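Look over the sequence and the model before reading on. The paragraphs below go from one residue to a helix, then to a loop, and end with the chain as a whole.

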Amino acid sequence: MIKFFSSLFYFFKLIFVKKEVDVLFYYPQHFNRGVDNENILFQTLYKSCDINSKSYVVFEEPDRKCSQKRNNNTIPFDFLFYQIIFFRKIGFSEQRIGEIFSNLFFRRFSCKNIIVLSQSLLEFFRFSIKDSIIFDLQHGIIHSKKEGYIENGVINKRISKNNINLLLYGDGFKNLLEIGDKSDYINNKSHVIGFSKINVSDLHSESNGNILVSLQFTEDHTNNDNLKLKDEIFVFVKENPKHTFYLKHHPRFNNEVDLSEILNLENVHIAPVQLMNCFEKCSIHLTAYSTTTFEAASYAIPTIFFTSLQKKFNMFYEDFKYPVVNDLQLIENNYLECSKRVKKWQSKFYSPFDEDKFVSLLK
């Protein structure tokens, strides 16, 4: 409730007090995955704005189902967000809601650039703060079946209709989008600005028998898919009793499946909270299709993939051409060679952050 009233006070004040900023950052609460509940995907961009004297404000979207805590250094968007939800339920389009708020809460508020994560409220911001350039920052992997980007051979209408610019982590992702988009939108409106977490040290010279399991149990899957994946994990762990498995929940996990049967096995533990501690402890990564595969590769840690959901989620071999065979024993027997391959592969998709390029895009 404190966040709600803080939000109410802030946005009511905007009705009467003029505010101008260079950049508005907007993101959902579940991206608060840093040590101090910070949004690590935006941290580098904040620093660039500070260095280049760009003023900015950060709005945080609430998520009641989320286990991630709120960040006290942001402006809670709660008051406006719940109004948006209400207006949607009574039949208002996001465009119409944006127009209403444009003449009320954003009448005295102006910003030149808006940067969002997860394509959040794109149409709302397009019509509530009309003169801004809107950017969507890549937050995960992009592949040929990711409908938020490509639909039937052209860029998603939600992106093109609202004239959204895409900020990408590397040429590998941009190339995938260019292949999937038969128009020129990607070529003109996508920009590779790189990523901050790269060129890191290798952590292991050999397999230590510890395996990090990035779980994919979310409401995005059908119940049947979640149960199939759970059964495959159970069998894999049982078949490898000499290994120790550390399970790490997806940030949006909401008890979609009961994992007690797996957690009761002697060689299974809950993973450390911080991902870096997981990588330090585990020399191999295991998942269905988690983006953690790329992060593990940056530390030269190979990944093994579950196969029960591959008909729907096989992007790491179809699109990304993962360079290591999907076999635990072969990876352990050739650990150093596999480590070198995955680190080189990762660099095609995640290039160094280019601050000059990022700043040049801002109006």
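Does Q329 count as buried or exposed? The model is a predicted one, and in it Q329 has a relative accessibility of 56%. Exposed means over 50%, so Q329 counts as exposed. This residue lies in helix 14, which runs over residues 328-333. For a sense of distance, take N156: 173 residues separate N156 from Q329 in sequence, and their C-alpha atoms are 41 Å apart in space.

Next comes a residue with the opposite label. N32 sits in the loop that links strand 1 (19-28) to helix 2 (40-51). Its relative accessibility is 0%. The cut-off for buried is under 20%, so N32 counts as buried. What surrounds N32, once neighbours within four places in sequence are left aside? The contacts of N32 are then Y27, N37, E38 and N39, together with E60, Q68, K69, R70 and N71. As for R107, it is 75 residues away from N32 in sequence and 29 Å away in space, C-alpha to C-alpha.

Helix 4 shows how buried residues can be arranged on one element. In this helix, residues 94-102, the buried positions are E94, I97, G98, F101 and S102. They lie on the same side of helix 4, because the arc they cover around the axis is only 140 degrees. Which helices do these buried residues pack against? The partners are helix 3 (78-89), helix 5 (122-128) and helix 6 (157-161).

Now the whole chain. Its secondary structure consists of 16 helices and 14 strands. The radius of gyration is 22 Å, close to the 21 Å that the globule rule gives for 363 residues, so the chain is as compact as a globular protein of that length. The C-alpha trace spans about 65 × 40 × 40 Å along its principal axes.

Burial and contacts can be read at this level too. Of the 363 residues, 54% count as buried. Among contacts with a separation of 6 or more, 71% come from residues 24 or more positions apart. The accessible surface of the chain is about 17400 Å², and carbon and sulfur atoms make up 49% of that surface. Charge is the remaining item: the chain has 45 positive and 42 negative charges, and the mean positions of the two sets are 6 Å apart.

Definitions and conventions:
Residues are numbered from 1 along each chain as its sequence is written. This is a predicted model: local features need pLDDT of at least 70, side-chain atom pairs count only at pLDDT 80 or more; totals for chains, interfaces and linings use all residues. Side-chain values use heavy atoms; hydrogens and water are left out. Helices (H or I, at least four residues) and strands (E, at least two) are DSSP runs, numbered from the N terminus. The radius of gyration is taken over C-alpha atoms; the globule rule is 2.2 Å times the number of residues to the power 0.38. Buried means under 20% relative accessible area, exposed over 50%, partly exposed in between (1.4 Å probe, protein chains only). Contact means heavy atoms within 4.5 Å. Accessible areas come from the Shrake-Rupley method with a 1.4 Å probe; for residues, only the protein chains shown count as cover. Lys and Arg count as positive and Asp and Glu as negative; His and the chain ends are not counted. The place of a charge is taken as NZ of Lys, CZ of Arg, CG of Asp or CD of Glu. The arc is that of the directions from the helix axis to the C-beta atoms.
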